[in-house]
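Colleague: I should like to learn how to read a structural model, feature by feature. May we begin with the contacts and the overall form?

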Amino acid sequence: MPSLFYGINLALRAVLSHQQAIEVTQHNVANANTPGYRRQQAVLVAGLPYAPPTLMRELAAGQMGGGVRVDRIQRFNLEFFDGRYRRELAEATRWQAERDVLQQVESTLAESTPDGLLPKLDEFWAGWQALSADPTNTALRGDLRERSSALAQALNRRAGALAALRVDQDLAIRQRVDEINAAASQIARLNVEIARVLGVGDQPNDLMDERDRMLDKLATLAGAESHLQPNGEAIVSINGHALVVGRTTFQVSAVPDAANANLARLVWQDGQAFSAPRGELKGLFDARDRVIPDQQNGLDSFAATLINQVNALHRAGFGLNGATNLDFFAGTDALSMRLDAAITDPVNGIVNIATAAAAGNPGDGNVARQIFDLQQALLMNGGTATLNQFYTAQVGRLGLEGRSATAAAEDRGLVAESLDRQRESIGGVSLDEEAANLVQSQRAYEAAARMMTTIDEMIDRVINGMGRVGL
């Protein structure tokens with residue numbers, strides 16, 4: 001027959017089990033707003049039953065129940081949702097990074113403001129037109145010089161700002177490399193600890209939460225993918241190259257690329273080239289090596305054509321003082337473009353703008369007219385576009401690209417947000433649900449404690465009341 005004290009043991013198990021369930025609920029509530037935390041639950045199972053040894057079988061039919069025990073602390077998470085969420089999050093982050101850079105480029109060009117390059121170019125052409133009608137007017141010559149200088153400075157500012165923006169993107173890339181290596185080292189350390197805890201039969205739930213946060217971060221940075229092993233360790237790779245295998249990490253480094261203005265080129269520690277298929281790094285590289293250089297090349301092509309065409313006509317003309325064979329612009333590209341120093345005579349203060357086709361004919365404005373006619377000349381894109389059309393098309397392409405990046409970022413972001421909501425529906429903490437679980441565990445705890453008190457009274461009656469019949 002079972003011992004008189006067996007009920008005490010059952011009640012104690014119930015008290016301890018429901019106490020642990022309450023503690024798990026408290027842990028959930030405490031981390032309700034912790035990013036990446038996954039809800040946990042104490043899984044209660046019936047204890048192993050046993051057949052009490054007895055010679056009086058008819059007094060102890062069947063097996064005796066073993067009470068209740070905590071089988072494990074379950075963590076609510078679905079790896080399937082994690083993988084899909086990280087892929088969509090990486091794509092959304094890639095387009096967000098590219099969108100942000102495109103917006104900065106648009107702000108740099110400022111074509112939607114009065115300070116745009118196109119208004120200054122129109123003013124430049126208008127200055128030549130006015131001077132061609134009145135070549136001896138010194139006021140018009142001074143005005144043209146200022147308009148030309150403003151155009152050159154506008155190109156200088158844009159080219160300089162684009163170069164600085166490209167350097168900023170390069171710095172951001174180097175910072176992301178440091179973050180990738182730090183996250184990889186953290187995952188490797190967590191792999192070791194998680195495998196150890198699982199090996200002794202425990203559940204490293206909080207360690208897994210921390211590792212998942214690092215995996216989310218790596219997916220955001222570079223589109224990293226992960227696969228869990230039977231021992232609980234995670235293998236992390238980027239574009240097919242291993243980043244973390246167990247406790248081993250394969251670091252990424254940034255080295256100067258002589259073929260790309262000594263900007264950073266990323267390589268693995270085994271010498272292979274690093275390539276991010278998705279994530280913020282993908283967007284940063286695309287912006288640094290495609291979007292910004294495309295705008296720089298467009299400005300340089302625009303400036304070089306303008307410099308060469310204007311100079312070719314200006315060198316053949318004559319100024320008021322008979323000066324000829326003078327360049328109007330100096331420089332070779334948008335960054336170096338400026339008015340030639342010979343335009344202003346430092347001795348006489350004369351603006352040496354050549355407007356006449358022959359010497360001794362100051363009223364001749366043929367050269368100025370020819371330069372003004374460059375406005376309609378098909379000089380760009382293989383003779384299919386004017387300078388104005390070329391730059392307008394370039395700005396238009398930038399706007400369309402920015403719109404496409406914005407739309408892609410929003411679309412991917414909505415998908416990632418939807419998947420994250422599904423993840424949260426499984427693993428997120430609901431305070432209402434935890435309150436219900438807390439009440440349930442509290443009532444069970446109180447009942448077990450009451451049962452222990454009842455059994456204690458029964459034992460007290462048996463022990464202290466024996467031999468006292470009739471007293």
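Modeller: Contact means heavy atoms within 4.5 Å. In this chain, 70% of the contacts with a separation of 6 or more are between residues 24 or more positions apart. This is a predicted model, in which local features need pLDDT of at least 70 and side-chain atom pairs count only at pLDDT 80 or more, while totals for chains, interfaces and linings use all residues. Residues are numbered from 1 along each chain as its sequence is written, and side-chain values use heavy atoms, with hydrogens and water left out.

Colleague: What radius of gyration does the chain have, and what would a compact globule of 471 residues have?

Modeller: The radius of gyration is taken over C-alpha atoms, and the globule rule is 2.2 Å times the number of residues to the power 0.38. A compact globule of 471 residues would be near 23 Å, but the chain has 39 Å. The C-alpha trace spans about 150 × 45 × 40 Å along its principal axes.

Colleague: How many helices and strands does the chain have?

Modeller: Helices (H or I, at least four residues) and strands (E, at least two) are DSSP runs, numbered from the N terminus. The chain has nine helices and 10 strands.

Colleague: How should burial be read, and which residues of the largest nonpolar core touch the most other members?

Modeller: Buried means under 20% relative accessible area, exposed over 50%, and partly exposed in between (1.4 Å probe, protein chains only). Of the 471 residues in the chain, 42% are buried. A nonpolar core is a set of buried Ala, Val, Leu, Ile, Met, Phe, Trp, Tyr and Cys residues joined through side-chain atoms within 4.5 Å. In soluble globular proteins, nonpolar side chains tend to be buried together. Here the largest core has 48 residues, and Phe124, Trp128, Phe302, Leu306, Phe328 and Phe329 touch the most other members. Helices supplying at least two residues each to this core include H2 (79-109), H3 (117-133) and H4 (138-199). H6 gives the most to this core, with nine residues. A second, separate core of 26 residues includes Val177, Ala224, Val244 and Phe285.

Colleague: Which residues does Phe329 touch?

Modeller: Residues up to four places away in sequence are not counted; among the others touched by Phe329 are Phe124, Leu306, Val310 and Met337.

Colleague: Where does Ser441 lie, and is Ser441 buried or exposed?

Modeller: Ser441 lies in helix H9 (residues 431-465). Ser441 counts as buried because its relative accessible area is 10%. Apart from neighbours within four places in sequence, Ser441 is in contact with His18, Ala21 and Ile22. His18 belongs to helix H1 (residues 6-30) and is also buried, at 14% relative accessibility. With the same neighbours left aside, His18 is in contact with Leu44, Ser441, Ala444 and Tyr445.

Colleague: Where are Tyr50 and Gln272 found?

Modeller: Tyr50 is in the loop between strand E1 (40-46) and strand E2 (68-75). Tyr50 is partly exposed, at a relative accessible area of 30%. Its C-alpha atom is separated by 5.2 Å from that of Gln63, 13 residues apart along the chain. Gln272 lies in the loop between strand E8 (263-268) and H6 and is partly exposed, at 45%. Setting aside residues up to four places away in sequence, Gln272 touches His241 and Val267. The C-alpha atoms of Gln272 and His241, 31 residues apart along the chain, are separated by 9.1 Å.
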